[in-house]
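Please work through the exercises below with the sequence and the coordinates at hand. Each task is followed by a solution in steps.

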Amino acid sequence: MSTGMAALSIGCTFSDRIEALLDGRVRIEGHAADIQIVEPQRLFRAVLRDAAFDVAELSMASHIAAVAAGHRDYVGVPVFLSRSFRHGNLYVRTDRGIDRPEDLAGRTVGLVDYQQTAALWLRGLLADEHGVSRESIRWVAAGLHVPVLEDRAPMRMPAGIRIERSASTLDTLLAQGAIDAVISPGAPCCFLQGTAPVAKVWRDSRDAELDYWRRTALFPIMHVLVVRRTLVEAEPALVDALFAAFDQARALAAADLVSRDFPKVALPWLTDYAVAARDALGGDPWTYGLAPNRRVLDTMLRYAEADGLSVGPLVPEALFA
């Protein structure tokens, strides 16, 4: 039941994990909610620059960097709305002698943003598993399909890490051979269209990701839920109410994948795929809460420190209310 107070403004990307909140099957105790669906990069900019929402989905790496820098507009709730293995997001020129991840040492790699969570995970994975240090790569940041026009505040990088910004796009730079590889959340156009010699560095990325899971038990967190700090200070119970609502919505989404007698999305054998994924990952990997995710959070914080997103070590508790 909602009170007479103003509805919480909530910014999220669309996913089945919030569908029950959108259609009213789940409500946030004591609060009405005005949920807006926003494209990820635009949403993150609105949160980080303008504190535009009371509650929002945010890039996990950006949240870590904000906490490390002492920004106090938002606190985290251990609700992880996006998770993804990222081996399949690293594309390389096949005419540069890059046949395995180790060959990326000394190369030029493009990315959308150095602070992007997918890039944080891939930098850490390359260093941990393949001996490719962050310092050995020249990083070039650019828009994926369109140039990034707005000015960005310069980042203070650790000694040895080289990063520059290009007015071009990652698609163009990769197609022209100006960079050797790219970390891309979507497949580059030249890869999809076959107009340049480009392939995934892990040719069978799904097998690589399953192997990574079996060895590490890490399912990378991408996005986290944050709430305006002043609201939490005024109403400490809000954090528990948000966690309960989003966790209930997540549970309904997980059940929905395997319980319907007609597919929820336009994909034949959806139930079979969902069951196979749960079997491969040993159950439902979309776990919320601090305790069951401590290992993956510790790993992210170690990577963030090595990347220069935080100065000195953080503990997971520092990220959350």
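The exercises concern a predicted model, and they treat helix α4, salt bridges, nonpolar cores, a strand proline and two loop residues in turn.

**Exercise 1. Helix α4**

Determine how the span of helix α4 relates to the expected value, and whether its residues are mostly buried or exposed.

Solution.
- Step 1. Helix α4 covers residues 117–130, a run of 14 residues.
- Step 2. From its first C-alpha to its last, the helix reaches 19 Å, close to the 20 Å expected at 1.5 Å a residue.
- Step 3. A residue counts as buried when its relative accessible area is under 20%. In α4 this holds for T117, A118, A119, L120, W121, L122, R123, G124, L125, L126 and H130.
- Step 4. Since 11 of the 14 residues are buried, α4 is largely enclosed by the rest of the structure.
- Step 5. Just after the helix, G131 takes a positive phi of about 70°.

**Exercise 2. A salt bridge between α4 and α11**

Identify the residue with which R123 forms a salt bridge, and describe the setting of the pair.

Solution.
- Step 1. The partner of R123 is D307, with the closest N and O atoms 3.0 Å apart.
- Step 2. D307 belongs to helix α11 (residues 294–307) and R123 to helix α4; the pair thus links distant parts of the chain, 184 residues apart.
- Step 3. The relative accessible area of D307 is 0%, so D307 is buried.
- Step 4. R123 has a relative accessible area of 1%, so R123 is buried.

**Exercise 3. Further salt bridges**

Describe the salt bridge of R294, then that of R17, and state for each whether the residues are buried or partly exposed.

Solution.
- Step 1. R294 pairs with E317, the closest N and O atoms being 2.4 Å apart.
- Step 2. This pair also links distant parts of the chain: R294 is in helix α11, whereas E317 is in the segment after α11, 23 residues apart.
- Step 3. With a relative accessible area of 31%, R294 is partly exposed. E317, at 39%, is partly exposed as well.
- Step 4. The side chains of R17 and D16 meet in a salt bridge at 2.9 Å, N to O. Both of these residues are buried.
- Step 5. A network of salt bridges links R93, D95, R96 and D180.
- Step 6. A search of the whole structure gives 16 salt bridges.

**Exercise 4. The nonpolar cores**

Establish which residues of the largest nonpolar core touch the most other members, and which element gives the most to this core.

Solution.
- Step 1. In soluble globular proteins, nonpolar side chains tend to be buried together.
- Step 2. The largest nonpolar core here has 83 residues, and those touching the most other members are M60, L90, L104, W121, L242 and F246.
- Step 3. Helix α9 gives the most to this core, with 7 residues.
- Step 4. Apart from this core lies another, of 13 residues, among them Y91, L170, L174 and V182.
- Step 5. Residues up to four places away in sequence being left out, F246 touches I10, C12, R17, I18, L21, V79, L81, L225 and Y288.

**Exercise 5. The surroundings of P78**

Locate P78 and list the residues in contact with P78 beyond its sequence neighbours.

Solution.
- Step 1. P78 is found in strand β4 (residues 74–83).
- Step 2. Its relative accessible area is 15%, so P78 is buried.
- Step 3. Beyond the neighbours within four places in sequence, P78 is in contact with F243, Y288, G289, L290 and F320.
- Step 4. The C-alpha atoms of P78 and P316 are separated by 9.9 Å, although these residues are 238 residues apart along the chain.

**Exercise 6. Positive phi in two loops**

Give the phi values of A217 and W269, and place each residue in its loop.

Solution.
- Step 1. Most residues other than glycine have a negative phi.
- Step 2. A217 is not a glycine, yet has a positive phi of about 60°. A217 lies in the loop between α7 (205–216) and β11 (221–228), and is partly exposed at 49% relative accessible area.
- Step 3. W269 likewise has a positive phi, near 65°. The loop that holds W269 runs between α9 (237–259) and α10 (270–280).
- Step 4. A residue counts as exposed when its relative accessible area is over 50%. W269, at 59%, is therefore exposed.
- Step 5. Together with V265, L267 and Y273, W269 makes a nonpolar surface patch of about 430 Å².

Methods
Residues are numbered from 1 along each chain as its sequence is written. This is a predicted model: local features need pLDDT of at least 70, side-chain atom pairs count only at pLDDT 80 or more; totals for chains, interfaces and linings use all residues. Side-chain values use heavy atoms; hydrogens and water are left out. Patches are made of residues with over 30% relative accessible area and no salt bridge: like charges are joined within 9 Å, nonpolar side chains (Val, Leu, Ile, Met, Phe, Trp, Tyr) within 5 Å. Accessible areas come from the Shrake-Rupley method with a 1.4 Å probe; for residues, only the protein chains shown count as cover. A salt bridge is a side-chain nitrogen of Lys or Arg within 4 Å of a carboxyl oxygen of Asp or Glu. Helices (H or I, at least four residues) and strands (E, at least two) are DSSP runs, numbered from the N terminus. A nonpolar core is a set of buried Ala, Val, Leu, Ile, Met, Phe, Trp, Tyr and Cys residues joined through side-chain atoms within 4.5 Å. Buried means under 20% relative accessible area, exposed over 50%, partly exposed in between (1.4 Å probe, protein chains only). Contact means heavy atoms within 4.5 Å. The expected span of a helix is 1.5 Å times one less than its number of residues.
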